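Student: Could you take me through one part of this structure slowly? I would like a close look at where the two chains meet.

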Amino acid sequence: MHIVVCIKQIIDPEIPPHVFQIDPVEKKQIRGRQVLVISLFDEVALEVAVQMKEKAGSTVTALTIGESEAVEALHNALALGADEAILISDPAFENLDSFGTARILEAALRKVGEFDAVLCGRQAGDVEMGLVGPFLSEKMGLPCVTLAANMAPADGTMRLRRPIEGGYEVLETSTPFLATIMNDDSNVPRYVSVRGLRKAMRTEVPVWSAADLGIDPAAVGPEAAQIKLEELFVPEREIRCEFIEGDTGAEKGKQLALRLRELKLI
Amino acid sequence: MTDILALCTVTDEAASGDELPRALLEVLAAGRQLADQLGDSKLRAVLLGPDVEGHAEALIHHGADEVLVLSHPRLEYHEADVMLGTMEAIVKQSSPDVILSPHDDLGGGNVAPRLAYRLGTGIVTDCTGFVVESDAIRWLRPVYGGKAMAYMVASGPVQMATVRSRAFEPLPSDPARQGQVQTLEIDVDSISAPVSLVEKTQEEEEGISLDQAQIIVCGGRGMEDTEGFSVLDDLAETLGAGVAGSRPAADMGWVPHSRLVGQTGKIVAPNLYIAVAISGAPQHMAGAGASKTIVAINKDEDAPIFKLAHVGIVDEWQNIIPSFNKACKELLSS
């Protein structure tokens, strides 16, 4: 079984709000000194693929669209257990919308050739639109399972487990298929060892350009975009915290209860 | 005349009670607001489910001008492929100008994006608001885990958006509102479903559901272990509150992932949100920031949560929760 995982490299989202900065003209986050990471749900999708590899002997390919530094995300993917990694990179691939991204990924998947499953994170950790996976499934005519947490082969089909309120669903599909992956107890991503990462960094990562994929840059660039970010801003918050004081914790706890009663909250 | 369609699905379980799902009322509230701002508009609710005729009138009372009803046994389990095929057929019949859907697992995660692709139209997901301008609707939505907001526009033959949970307040029911109810004729049996549902397990969860809770008590990494959480369980029992956890708490297994609040979990907006030993990372506040009143208890006075909380205590939670619980018990029993 061959599983292809589409990943995105983003600026580490787990930073405190005071170091978060945007460029309102470029309408993007300013990277500053922040590290780049694999978007969380994509890392979870990699974990699901690697678990399948361990159970069923699958091959895992990681794909990303990005600039040259995105190769670091692919090295991480290899260290997590991916067998192959491909960087899709072209100066024309700037400010893509989800239609453009799906189109490029489709061309890359056709070039990859045979595969049984395509996994995407449920949404990217930066713009969080959650569109690329469903769009890609439609573009390629693949069965689409969304928000799955893990999967297991069953008699020539695939069964995916999807957490729902108070329980779960099991969905069945033929292969090949596309699934978007969400986090649950079963797929907390493993840590990458320094040794694993060193080894991964020696792996050759092929780079595919627009020409390699037979894509007309004009068809995917900002001109063609149907979904546009027009304005980006950091909302002002004007909350002043009222601190409950007291000599002891017990006193403060009691005062809190009285204050909340006063505010008619309890 | 601008024709707005709002996707309203009702499950069997929900249909058995009188209460309509909150997500459905929220999408109607958003649709009503949009229709009123656009002017010369009609809000039509698409009501789908196994047996849903009985709810049509209620949708009119909650803001719809018209209701298009379709009951079919295949719509019972909300299989995405069946819903998608049904919506595609409905859109072909009624050619709307705007389609709104709740940003839930089914609509926002699957059906709405795929429908947009099939219609060749742009879509903006997870919206919390919008601005109507002469040439476009600018959709407002959080990005970067709620650290920033963006206005986005989508182009194509139809305007499509999904509405974030808790962003729109349901309209109170107005029994004086009148509107047409129309039954749809769609060949649901012939819709192909490449993905099939083979098993569904859903248990009544212990404790109060986070969607219904007026008060939520949420613990973070600083709770240290499951025993820490049992102290929160006691407090929640006193207050009639739901118990939730931050991502570290869920990853440690102190609370189930279904009770995780944040960007990677649930979005909640109770009247009172009590955050215990939570630093207030943006990814957590993305799920809790819409709460009416936030109380924070944290030993670190520089924790970001105090910039977002209305009432705060700087101390170890162990020093606070027992006396707070006791005082609440006394107040609530008197």
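Tutor: Happy to; here is a walk through the contact between the chains, with a short stop at a pair of helices afterwards. Keep in mind that this is a predicted model.

Let's start with who takes part. Chain A brings 69 residues to the contact, and chain B brings 74. On chain B, the side that touches chain A draws at least two residues from each of several elements, including helix 5 (107-119), strand 7 (137-143), strand 11 (196-202), strand 16 (311-314) and helix 9 (317-333). Helix 9 of chain B gives the largest share of that side, ten residues. Sorted by class, the residues on this side of chain B are 37 nonpolar, 22 polar and 15 charged.

Now look at the strands. Strand 16 of chain A, residues 242-243, pairs with strand 16 of chain B in the parallel sense, over two bridges. To find the spot, pick A:Phe243: its bridge partner in strand 16 of chain B is B:Gly312.

Finally, here is the helix pair in chain A. Helix 3 (residues 98-112) packs against helix 4 (residues 132-140) at an angle of about 55 degrees, and their axes are 9 Å apart. The two helices of chain A are therefore oblique to each other. Helix 3 of chain A makes a right-handed crossing as it passes helix 4 of chain A. Among the residues making the contact are A:Phe99, A:Leu105 and A:Leu109 from helix 3 of chain A, and A:Val132, A:Phe135 and A:Met140 from helix 4 of chain A. By class, this helix contact has eight nonpolar, two polar and three charged residues.

Notes
Residues are numbered from 1 along each chain as its sequence is written. Chains are lettered from A and ligands numbered from 1 in the order in which they are written. This is a predicted model: local features need pLDDT of at least 70, side-chain atom pairs count only at pLDDT 80 or more; totals for chains, interfaces and linings use all residues. Two residues are in contact if their C-beta atoms, placed from the backbone, lie within 7 Å. Helices (H or I, at least four residues) and strands (E, at least two) are DSSP runs, numbered from the N terminus. Ala, Val, Leu, Ile, Met, Phe, Trp, Tyr, Cys and Pro count as nonpolar, Asp, Glu, Lys and Arg as charged, and the others, Gly among them, as polar. Two strands pair if DSSP finds at least two bridges between them. Axes are lines fitted to C-alpha atoms, for helices over the stretch in contact, and angles run from 0 to 180 degrees between N-to-C directions. Angles under 35 degrees count as roughly parallel, over 145 as roughly antiparallel, 65 to 115 as roughly perpendicular and the rest as oblique. A crossing is left-handed if the near helix is turned anticlockwise from the far one by less than a right angle, and right-handed if clockwise.
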